[in-house]
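Morning, everyone. Let's put the structure on the screen and walk through it.

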Amino acid sequence: MASTSLIAHSSNYPNKTIRLIVPFEPGGSSDITARIVAEEMRKILGQTIIVENLGGVGGSRGSEVVAKATPDGYILLWGNVAPIAINQHLYKNLNYDSQKNLIAISLGTIFPNVLVVQPGLKANTFATLVAQSKKEYSNLTFASAGNGSSTHLASAWLNDLLGSKWLHVPFKGGGPALLAIASGQVDFYFSAIPSALPFIKAGKVFALATTGKVRDPSLPNVPTVAEQGFPQFEVINWNGLFAPANTPPEIIQQLSKAILDALASPTVKEKLAAQGAMTQPMKPQEFSKFIAEESIKWEKLVKLANASIE
């Protein structure tokens with residue numbers, strides 16, 4: 001009966017407010033990009049979309065709520081790399097499967113990390129940081145947004161490539177980690193670009209490298225890690241739209257078209273670019289394949305970092 005009811009209601013979808021869950025606290029890159037995209041989707045769908053922050057457990061709390069929600073298209077997830085591709089390998093008792101309990105609708109935004117260092121560190125270039133890591137400054141400290149976060153795993157990967165002995169200092173989120181760098185409490189941090197840009201522009205932290213394949217348009221003078229001697233190194237953050245499994249195909253198709261149209265909007269592209277994010281629209285099948293590949297990659301990095309959370 002429930003499935004029959006959902007099919008019946010999908011014909012006039014949407015006819016009430018849609019909740020878009022951001023599984024992180026307000027103010028971060030996921031929250032910022034979600035609000036920009038949701039506003040444009042609201043215009044396209046002709047229905048209110050409320051962005052709701054539900055943080056906790058590295059993004060898993062909010063993601064689980066959506067994964068277990070009624071699949072009627074009225075509760076959606078703005079998921080990112082952590083709860084979708086990392087946490088299933090990190091947490092021993094995760095109560096949802098991102099590839100089975102959620103439907104991937106479209107990748108939304110991508111942005112590399114940027115390696116930022118505290119102003120007092122004797123390293124104004126990436127090469128200097130590498131040299132210091134191999135000599136007297138081998139006890140450098142690196143911040144992360146939490147144990148097993150993408151920022152932790154990125155640092156662990158580079159640490160392994162350099163053969164250095166950096167000390168991991170985890171924080172409860174990217175905001176506190178950035179503040180720790182700006183105040184000189186910790187030496188460096190792989191931050192999401194949208195979050196770091198205000199600190200970089202204000203001179204509170206210094207940018208040494210970005211982590212994409214090519215230089216980021218928002219930081220054109222900052223070279224990538226790859227072009228500075230580590231061509232295999234690439235770490236990309238991303239956000240995308242998801243619905244609970246078993247959401248009617250008609251609703252998924254409508255949401256897919258809405259987000260693709262939203263991401264094609266010049267206004268949306270401009271607003272996201274100002275935050276250091278780029279649009280990367282995908283159809284559901286393409287996005288599902290992307291997630292499967294990301295899961296394999298991050299599983300290897302979780303093992304490399306020997307990261308695990310009960």
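Keep in mind that this is a predicted model. I'll start with the largest pocket. Which elements each supply at least two residues of its lining? On the helix side, they are α2 (29-45), α4 (81-90), α6, α7 (174-182) and α8 (193-201). On the strand side, they are β4 (102-117), β7 (188-192) and β9 (236-244).

How much space lies in there? About 960 Å³. The lining has 44 residues, and F24, A145, K172, G173 and G174 are the closest to the pocket's centre. By class, the lining splits into 24 polar, 17 nonpolar and 3 charged residues.

On to the second largest pocket. Its space comes to about 370 Å³. It has 17 lining residues. Nearest its centre lie K213, E234, I236, F290 and E294. Two elements, β4 and α11 (284-305), give two or more residues to this lining. Helix α11 gives the most, with 4 residues. Here the classes are 8 nonpolar, 7 charged and 2 polar.

Next, helix α6 again, this time for its place in the fold. Please find strands β5 and β6. Strand β5 covers residues 141-144, and strand β6 covers residues 167-170. They pair in the parallel sense, over 4 bridges. Within that pairing, A143 of the one strand stands opposite V169 in β6. How does the chain get from β5 to β6? It crosses through helix α6, residues 150-162. This β-α-β crossover is right-handed.

Now the aromatics. The whole structure holds 11 aromatic pairs. Take W157 and F233. Their ring centres are 4.7 Å apart. Their planes sit at 35°, so we call the pair tilted. Where do the two residues lie? W157 is in helix α6, while F233 is in the loop between β8 (206-210) and β9. So this pair ties together parts that are 76 residues apart in sequence.

Are these two buried or exposed? W157 has 14% relative accessibility, so it counts as buried. F233 has 1%, so it counts as buried too. The cut-off for buried is under 20%.

One last item on rings. W238, F242, F287 and F290 are linked by ring pairs into a cluster. You have met F290 already: it is among the residues nearest the centre of the second largest pocket.

To recap, α6 came up three times. It helps line the largest pocket, it carries the crossover from β5 to β6, and it holds W157 of the tilted pair.

Notes. Residues are numbered from 1 along each chain as its sequence is written. This is a predicted model: local features need pLDDT of at least 70, side-chain atom pairs count only at pLDDT 80 or more; totals for chains, interfaces and linings use all residues. Side-chain values use heavy atoms; hydrogens and water are left out. Two strands pair if DSSP finds at least two bridges between them. A crossover is right-handed if, with the strands pointing away from the viewer, the path from the first strand over the helix to the second runs clockwise. On a 1 Å grid over the protein atoms alone, a cavity is a set of points where a 1.4 Å probe fits but cannot get out, and a pocket is an open set with protein on both sides within 12 Å along at least five of seven lines; lining residues have an atom within 4 Å of a point. Grid points are joined across faces, edges and corners, and a volume is the space filled by probe spheres set on the points. Ala, Val, Leu, Ile, Met, Phe, Trp, Tyr, Cys and Pro count as nonpolar, Asp, Glu, Lys and Arg as charged, and the others, Gly among them, as polar. Rings of Phe, Tyr and Trp (its six-membered ring) pair if their centres lie within 6.5 Å; planes under 30 degrees apart count as stacked, over 60 as edge-to-face and the rest as tilted. Buried means under 20% relative accessible area, exposed over 50%, partly exposed in between (1.4 Å probe, protein chains only).
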